[in-house]
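Colleague: Could we go through this model together? I would like to hear the reasoning behind the words you use for it.
Modeller: Gladly, let's have a look.

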Amino acid sequence: MSSPIEILQQYWGYPAFRPLQEDIVNQVLAGRDTLALLPTGGGKSICFQVPGMALDGLTIVISPLIALMRDQVEQLSRRDIPATYINSTLSSSDIDRKLQKAMNGDYKFLYLAPERLQTEMFAARVQKMNVSLIAVDEAHCISQWGYDFRPSYLEIAKLREWLPNVPVIALTATAPPSVREDIAQKLELKNPAIFTQSFRRENLHYIVEHSERIADRILEVVQKTQGTGIVYARTRKRVKAIAEYLQRNGVAAAAYHGGMKTSDRNDVQEAWIQDKIRVMAATNAFGMGIDKPNVRFVIHYNLPADPESYYQEAGRGGRDGLDSLALAFHNEQDCLELENFVSEKYPDWDTLNRHFDLLCEFYDVQADGPPAELLKLDLPAIAEKQRVNPVKLYNSIQILDQAGLMMLNEQPDDYAYLQILVRPQEILLYKERYADRAFLLDFILRNLGGGVYQDDMRFLPAVWARMLDLELEKLNEYLLQFAARGIISYRASTSMPVLRMLTRRRRLIMEEVGWNKLEFLRQRAQDRFAAMLEYVTFPGKNCRSRILETYFGELGTKECGKCDYCLAKARPVGATLISELSTAILAYIGNDEIEMRLLIDNVKEGTRDQRIELVREMLDKHILVRGEGLTVRRVR
């Protein structure tokens with residue numbers, strides 16, 4: 001058997017492990033339950049993929065994110081490592097076929113959505129598989145104290161019943177002490193080896209700015225900072241506006257959000273990774289599983305709802321160890337937006353029931369059972385027809401998805417998925433029998449390669465239709481004919497988000513939705529929102545790094561020396577500078593009424609934060625007075 005370092009070098013091409021990775025791998029290979037807390041960029045997947053390759057059997061990976069499953073399976077397949085995934089986007093026949101292949105030992109890695117653990121089909125098969133390791137990714141999802149609690153994760157404990165002698169490795173990036181304890185308890189970890197990497201990112205410069213002209217400041221920062229970066233915003237509309245604004249000002253920028261086609265997202269992501277695009281303006285749909293080392297700045301136009309999300313997103317900068325800026329903007333309007341966003345995340349019980357009933361009515365779900373097919377989710381159309389708020393309806397769908405009553409796949413996928421189910425000899429026979437279709441089978445093999453016999457391969461039907469000089473409808477017809485004859489499995493592309501209803505139409509029961517937990521999570525969301533506000537509160541009272549580290553249970557750390565608080569502390573404002581600043585501010589205002597943003601941006605003396613603080617002090621001392629809107633003038 002190859003050693004862990006040999007496997008790492010052979011399959012991943014890395015010369016050495018990152019800190020803690022090798023220790024974690026060795027504990028897993030010794031058969032010990034392991035809990036690994038590695039911050040964003042710490043290389044969590046290596047910690048179960050390397051031992052999974054070293055062990056003889058199958059590694060089952062529990063993951064909540066469909067897109068991340070697909071990405072990791074594709075990455076493993078490109079390294080000639082047999083892997084597949086099973087989630088609710090697949091048909092029953094596809095799931096059955098993949099489970100059978102897992103029983104036959106055809107895979108090294110089987111990625112599962114946690115909802116799959118609840119099915120009789122999986123329960124009957126898993127105990128017949130040669131499972132050597134169970135990996136639980138995003139393990140904080142099992143904890144009601146976690147920021148992304150998912151009731152379906154509680155089903156993972158059944159794997160311990162079915163596979164009592166198989167070790168478990170649980171991995172997450174952000175978990176305070178209460179979450180760590182809950183993970184160990186819920187997963188029934190036996191005397192686990194616990195690895196915690198420090199939450200300190202020595203090369204990150206955490207800065208918070210208070211601005212009403214955020215787009216202009218972003219442009220200024222981008223123009224003054226070399227390298228690539230990310231700008232996060234809360235809505236798709238704002239993301240597109242930021243990208244367009246940067247483009248108009250000569251910056252190579254692109255937008256990325258969950259409403260884009262899968263191929264379009266992949267194209268702009270690849271262009272950004274290859275440095276063809278400098279700045280990615282994105283919602284929080286961007287960044288999971290991406291390990292780009294040379295990101296020099298991560299800017300938050302809008303604040304995330306909790307410190308966990310902020311830490312993960314900001315942590316995508318500086319993975320090469322070089323300095324990187326983590327800049328967050330903070331203003332009153334954004335905080336009000338965020339407060340509304342948090343308060344609306346959890347609907348009341350009557351609203352949830354009403355939304356479920358409206359969805360059943362829209363999709364004609366009957367009391368005798370749900371439809372088997374995937375259902376296109378046109379949220380604006382449903383909201384308009386049923387006369388409901390689309391944001392509140394979406395929040396209800398998310399809760400029903402997490403409760404396992406429906407499956408939501410938000411990202412429209414213009415890829416189609418295909419696998420050849422018969423042996424090569426049978427393909428030859430089919431080509432002889434249906435000579436007019438032979439060209440398409442040759443084309444499939446030429447474009448998808450031998451891997452198409454092993455598992456689903458994805459392709460763009462529109463591209464194939466152009467290459468074959470076929471109408472798209474005709475290509476789809478031919479592929480459906482192949483599927484009907486059992487030659488291939490075929491899943492057509494979807495142009496919008498999809499739902500799969502997993503239960504019949506009826507009145508919901510509080511226990512099945514986990515309503516008591518949702519009430520608890522509602523309060524936890526408010527607490528996290530308050531913690532996020534504490535991080536950005538002005539004037540700063542503590543080192544930004546220490547605020548984050550304390551939140552995650554890492555106590556007694558030193559000040560970072562690099563955040564805005566530490567830099568201001570190191571350069572105290574002297575009497576001379578205060579005098580010069582005051583003179584410059586009063587001279588700029590003169591006898592006019594000036595917009596606050598123009599005053600702060602155009603006075604050159606001192607730092608931006610020093611100008612803001614002195615203006616506030618001058619307002620408190622009635623040297624200045626507020627006018628209408630966001631203006632100030634001298635007291636006359």
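Colleague: To begin, in which strand is the place of Tyr206?
Modeller: Tyr206 sits in strand β8. Please keep in mind that this is a predicted model.

Colleague: Why does Tyr206 count as buried?
Modeller: The relative accessible area of Tyr206 is 1%, and buried means under 20%. Tyr206 is therefore buried.

Colleague: And which residues does Tyr206 touch, leaving out those up to four places away in sequence?
Modeller: The list includes Arg201, Tyr310, Tyr311, Ala314 and Ala326. Tyr535, Arg544, Ser545, Leu548, Cys563 and Asp564 are also among them. As for Ala326, its C-alpha atom is 4.8 Å from that of Tyr206, although 120 residues separate the two along the chain.

Colleague: What makes β8 an edge strand?
Modeller: The open sheet has six strands in the order β8-β13-β12-β9-β11-β10, with parallel pairing. Its edge strands are β8 (204-209) and β10 (253-256), each of which pairs on one side only. Neighbouring strands of this sheet are turned by 15° against each other on average, direction ignored.

Colleague: How do you know that β12 and β13 are paired?
Modeller: Two strands pair if there are at least two bridges between them, and four bridges join β12 (residues 295-300) to β13 (residues 324-329). The two strands run parallel. In one of these bridges, Ile299 has Leu327 of β13 as its partner.

Colleague: Let's turn to the other sheet. What leaves one side of β17 and of β18 without a neighbour?
Modeller: This open sheet has three strands in the order β17-β16-β18, paired antiparallel. β17 (457-459) and β18 stand at its edges with a single partner strand each, so one side of each has no neighbour in the sheet. From one strand to the next, the twist averages 25°.

Colleague: How many bridges support the pairing of β16 with β17, and how many the pairing with β18?
Modeller: β16 and β17 pair over three bridges in the antiparallel sense, with Tyr417 opposite Arg458 of β17. Helix α20 (residues 472-484) packs on the sheet, where it touches β16, β17 and β18, and its direction makes about 135° with that of β18. Four bridges join β16 (residues 416-420) to β18, again antiparallel. The bridge partner of Ile420 in β18 is Ile488.

Colleague: Which way do the residues of β18 point?
Modeller: Ile488 and Tyr490 point one way from β18 (residues 488-491), while Ser489 and Arg491 point the other way. All four are buried.

Colleague: Now the helices. Why are α2 and α3 called oblique to each other?
Modeller: The axes of α2 (residues 21-29) and α3 (residues 44-54) cross at roughly 45° and come within 9 Å. Roughly parallel would need an angle under 35 degrees, and roughly perpendicular 65 to 115. The two helices are therefore oblique, and their crossing is right-handed. The contact is made by Gln21, Ile24, Val25, Val28 and Leu29 of α2 with Ile46, Cys47, Val50, Pro51 and Ala54 of α3. These residues divide into nine nonpolar, one polar and no charged.

Colleague: What makes α1 roughly perpendicular to α3?
Modeller: Helix α1 (residues 4-12) and α3 pack at about 105°, with their axes 10 Å apart. The range for roughly perpendicular is 65 to 115 degrees, so α1 is roughly perpendicular to α3. In this contact Pro4, Ile7, Leu8, Tyr11 and Trp12 of α1 meet Ile46, Gln49, Val50, Met53 and Ala54 of α3.

Colleague: And why is α18 called oblique to α19?
Modeller: Helix α18 (residues 438-448) and helix α19 (residues 461-468) pack at about 125°, with axes 12 Å apart. Roughly perpendicular runs from 65 to 115 degrees, and roughly antiparallel means over 145, so α18 is oblique to α19. The crossing is right-handed.

Colleague: One last residue: what makes Ile95 buried?
Modeller: Ile95, in helix α5 (residues 92-103), has 6% relative accessibility. The cut-off for buried is under 20%, so Ile95 counts as buried. Ile95 touches Ile86, Asn87, Leu90, Arg116 and Met121, not counting residues up to four places away in sequence.

How values were computed: Residues numbered from 1 in each chain as written. Predicted model: local features only at pLDDT ≥ 70, side-chain atom pairs only at ≥ 80, totals over all residues. Heavy atoms only, no water. Axes fitted to C-alpha atoms, helices over the stretch in contact; angles between N-to-C directions. Left-handed = near helix turned anticlockwise from the far one by under 90°. Contact = heavy atoms within 4.5 Å. Nonpolar A, V, L, I, M, F, W, Y, C, P; charged D, E, K, R; others polar. Buried < 20%, exposed > 50% of the residue type's maximum accessible area, 1.4 Å probe, protein only.
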